[in-house]
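Me: I would like a close look at a single part of this protein, with some context around it. Please explain each term once as you go.

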Amino acid sequence: MITPTRRPQVCVLGSAEPGSKAYDLAGAAGELLARSGITVVSGCGSPATRVAAQRAQAAGGLVVSIITEADMPASDWPATVVIPCGMGDARNLLMALAGDACIVIGGRAGTISEVCLAWLHHRPLLPLEGCGGWSDGLLKHPPDERQNSTILPWDGVASLETRLNALGLIR
């Protein structure tokens, strides 16, 4: 008899433009998650979250995409499972709660919204440092003083893998 087990899930939040270091690291993060047997949860809406999903799929991984639209996206959308929630910005709460941890890459207003929701719900945060955006200052400037979540910054694939191991997400 096979005992079913839930695979770890990690949300990829944020934004970065193609050609940037953050964009390249987003893709590498997606590939690492897939190779580690971790399901990637991504909106796939920004270039960074989309490349993370694409690289995860290319590495044989599973990708769940929670999108704001109520309609299914085109067939080339980089996801194994698509959840069109039709909830607009309220989708950010689903993103914050869908992972065992949240990788934060760069980011703008939508990203900080997701980060604050993840913080309130005690999800570990893995911010990319050294590439700009909200993720850069998250360790020194968390959402508030409550210390709700662990913040484990990373600056490359090796340090991200170390952080995922520390959280027990790589088996």
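The part in question is one strand, and the reply below describes it.

Me: Which strands pair with strand β5, and how many bridges join them?

Reply: The model is predicted, so local features need pLDDT of at least 70 and side-chain atom pairs count only at pLDDT 80 or more, while totals for chains, interfaces and linings use all residues. Residues are numbered from 1 along each chain as its sequence is written, and side-chain values use heavy atoms, with hydrogens and water left out.

Some context comes before the strand. The protein has five helices and six strands; both are DSSP runs numbered from the N terminus, a helix being H or I with at least four residues and a strand being E with at least two. Read from the N terminus, the order is β-α-β-α-β-β-α-β-α-β-α.

Strand β5 covers residues 101-106, and six of its six residues are buried. Here buried means under 20% relative accessible area, exposed means over 50%, and partly exposed lies in between (1.4 Å probe, protein chains only). For the protein as a whole, 46% of the 171 residues count as buried.

Strand β5 has pairing partners in β1 and β6. Two strands pair if DSSP finds at least two bridges between them. With strand β1 (residues 9-15), β5 pairs in the parallel sense over six bridges. In one of these, V12 is matched with I103 of β5. With strand β6 (residues 125-127), β5 also runs parallel, and three bridges join the two. I103 appears here again: its bridge partner in β6 is L126. I103 therefore has a bridge partner in β6, L126, and is itself the partner of V12. In a regular strand the side chains alternate between the two faces of the sheet.

The loop that leads into β6 holds a residue to look at. H122 is found between α4 (109-120) and β6. The phi of H122 is near 60°, a positive value in a residue other than glycine. C44 also has a positive phi, about 60°, and is not a glycine. C44 sits in the loop between β2 (39-42) and α2 (47-58), and C44 is buried, with a relative accessible area of 1%.

Finally, the whole chain. Of the contacts with a separation of 6 or more, 63% are between residues 24 or more positions apart, where contact means heavy atoms within 4.5 Å. Along its principal axes the C-alpha trace spans about 40 × 40 × 35 Å.
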